[in-house]
Amino acid sequence: MNEGYKKYVPFEQIKLENRQWPNNTITKAPVWCSVDLRDGNQALVDPMNLQQKLEFFHALCDMGFKEIEIGFPSASETEYEICRELIEGNHIPDDVTIQVLVQAREHLIRKTFEAVKGAKNVIVHFYNSTSTLQRKVVFKKDMDGIIDIAVEGAKLIKELIDNYDGDTNFRLEYSPESFSGTEVENSVKICEAVMDVLKPTPENPVILNLPNTVEMCTPNTYADQIEYFVTHLKNRESAIISVHPHNDRGTGVACAELAMLAGAERIEGTLFGNGERTGNLDIVTVGLNMYTQGVNPELDFSNLPKYREIYERCTKMKINERQPYVGDLVFTAFSGSHQDAINKGVAYMKEHNSEKWEIPYLPIDPADVGRQYEPIIRINSQSGKGGAAFVMQNTFGYEIPKAMHTEFGSFVKAECDRIGRELSADELMNVFNKNYIDIKQKLWLVKHVVNNIDSEHATFKGTVHIESLNKDVEIYGEGNGPIDAFFKALQTIGIDGFKFVSYSEHAISQGSDSKAISYIQLKDPNGKTVFGVGISHGIFKASARGILCAINRSDCQIDFKI
């Protein structure tokens, strides 16, 4: 057995007594800060150019983000120029605050203040790494030495703001980078030291951002860290607690949600989880998770396909088919039992005019995020009878009777097995037409006249063509309605022994090209159930064609009497 796992040191759990976060509920949206243009951009194989960044920035504004980290303007001339274009080109709405990241180093801080000159609202986000591992391996300093770096950075930033020549509204954010890998008491200590310098107030609080820079532990432990920090921080009312989870363990969304339960008020993340290594937490997923619990995320997700297209084009990244809420297959059911439940849920909501979303297997209404109903149920060899009926109804308007589902489903499954893949909606329609419309006909209606004498008496007179005899034959019948009269007329030429079981019809188009479709269920002379379908501009003719379709599909040999 591979024993490589022995070289890894388990994460030390937080000894948190009387923890409160498991009892809490998320009832309101946090302050959202998009870091797509910085953290997301720096993780791209080909970083976004100026035009792509501008388009992405405007998309974020359209979605409702009020805080957007635009980059690291002291890191390169490209980053600096993008910052200047946003400001000088008047791209920033008055109610949006741009955020700029900078290490707690003097020359980088001074360059950053030059970059943001003239902006209306700016968050200066400064940081230094505090983790046990980085102190030992990278900086070779003790915790006091790391605190000195943060304090000196805070002093310079406060001095630059106090002496700033301009009317920019500055807010400050400090991150003990690799918070989750730092002893939690040391995280409190360094943040308190920074606050002592910046002197925030409840009216002008500092943002303390606690990043899961590398996800090292289970989400519950991260929540314990956040709760410990929140409950041990002095002057807590003068700080906004922010989190910045990454996704190394695949639980970034869970870390963000549990951090909110533990007291976090602000979340930094990206659209669809782009970012270093396995990415940042996905703001879209967290926001829509709230939405499905009746909490307003205060971001506009009503046109996710639009933002997906912008994201994929600007970043050259691709959305996975199973990406929550936006992936191609996330609203798709192949399983027969799932399809049946969804179909029944749709019918239930229509029947009860329900104001609540009550459809099994669909935690959110696809229309709420700009998706369509058509792809919800897709048809392959695993699909059930209800799935094919659902697609026929929601794509083409064909309300196939439940009694007919099993037979039609068997035709669909056979076709899937034959071609070895799923069927498109058009291919599904082809299966329907092949088995019910474009069938070999033993006889068909040439012409007819129907008279409704009164509510209980009708006559039918017409001509049918008998294929085996290659002959047109006139028929006549009387009955308690047009369909009964037609049945009686057929009996006069030897089409006997068929029993009427059920009938339904509906319109399948509107306007001048409106058509009716009928579904007929008969018992043939051998007692076997047989279905027929008829389509015509006239209701009676659709019904007559449905009856003849059922007769033509029957295996019974007809001894015509003419």
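Contact here means heavy atoms within 4.5 Å, and the model on your screen is a predicted one.

**First stop: helix 16.** Select residues 482–491, which form helix 16, and then pick out its buried residues, which are Ala485, Phe486, Phe487, Ala489 and Leu490. If you now show what these buried residues pack against, you will find strand 9 (443–454), strand 10 (457–466), strand 11 (471–479), strand 12 (499–507) and strand 13 (516–523), together with helix 17 (539–553).

**Second stop: helix 17.** Keep helix 16 in view and add helix 17, whose axis comes within 10 Å of the axis of helix 16, the two crossing at roughly 40°. The two helices are therefore oblique to each other, and helix 16 passes helix 17 in a right-handed crossing. To see the contact itself, display Pro482, Ile483, Phe486, Phe487 and Leu490 on helix 16, which meet Phe540, Ser543, Ala544, Ile547, Leu548 and Ile551 on helix 17. Sorted by class, the residues of this contact are ten nonpolar and one polar, with no charged residue.

**Third stop: the sheet of strands 12, 13 and 14.** Next select the three strands that form an open sheet in the order 12-13-14, with antiparallel pairing. Strand 12 and strand 14 (529–536) are the edge strands, each of them pairing on one side only. On average, neighbouring strands of this sheet are turned by 15° against each other, direction ignored. Looking closer at strand 12 and strand 13, you can follow their antiparallel pairing over eight bridges, and one place to stop is tyrosine 503, whose bridge partner in strand 13 is isoleucine 520. Now add helix 14 (residues 402–419), which packs on the sheet by touching strand 13 and strand 14, and whose direction makes about 100° with that of strand 14. Helix 15 (residues 425–437) also packs on the sheet, touching strand 13 and strand 14, and its direction makes about 105° with that of strand 14.

**Last stop: helices 4 and 6.** Finally, move to helix 4 (residues 106–115) and helix 6 (residues 143–162), whose axes come within 10 Å and cross at roughly 30°. Because angles under 35 degrees count as roughly parallel, helix 4 and helix 6 are described as roughly parallel to each other, and helix 4 passes helix 6 in a right-handed crossing. Display Glu106, Ile109, Arg110 and Phe113 in helix 4, and you will see them meet Gly153, Leu156, Ile157, Leu160 and Ile161 in helix 6. By class, this contact between helix 4 and helix 6 holds six nonpolar, one polar and two charged residues.

Technical notes. Residues numbered from 1 in each chain as written. Predicted model: local features only at pLDDT ≥ 70, side-chain atom pairs only at ≥ 80, totals over all residues. Heavy atoms only, no water. Buried < 20%, exposed > 50% of the residue type's maximum accessible area, 1.4 Å probe, protein only. Helix = DSSP H or I, 4+ residues; strand = E, 2+ residues; numbered from the N terminus. Axes fitted to C-alpha atoms, helices over the stretch in contact; angles between N-to-C directions. Parallel < 35°, antiparallel > 145°, perpendicular 65-115°, else oblique. Left-handed = near helix turned anticlockwise from the far one by under 90°. Nonpolar A, V, L, I, M, F, W, Y, C, P; charged D, E, K, R; others polar. Pairing = 2+ DSSP bridges.
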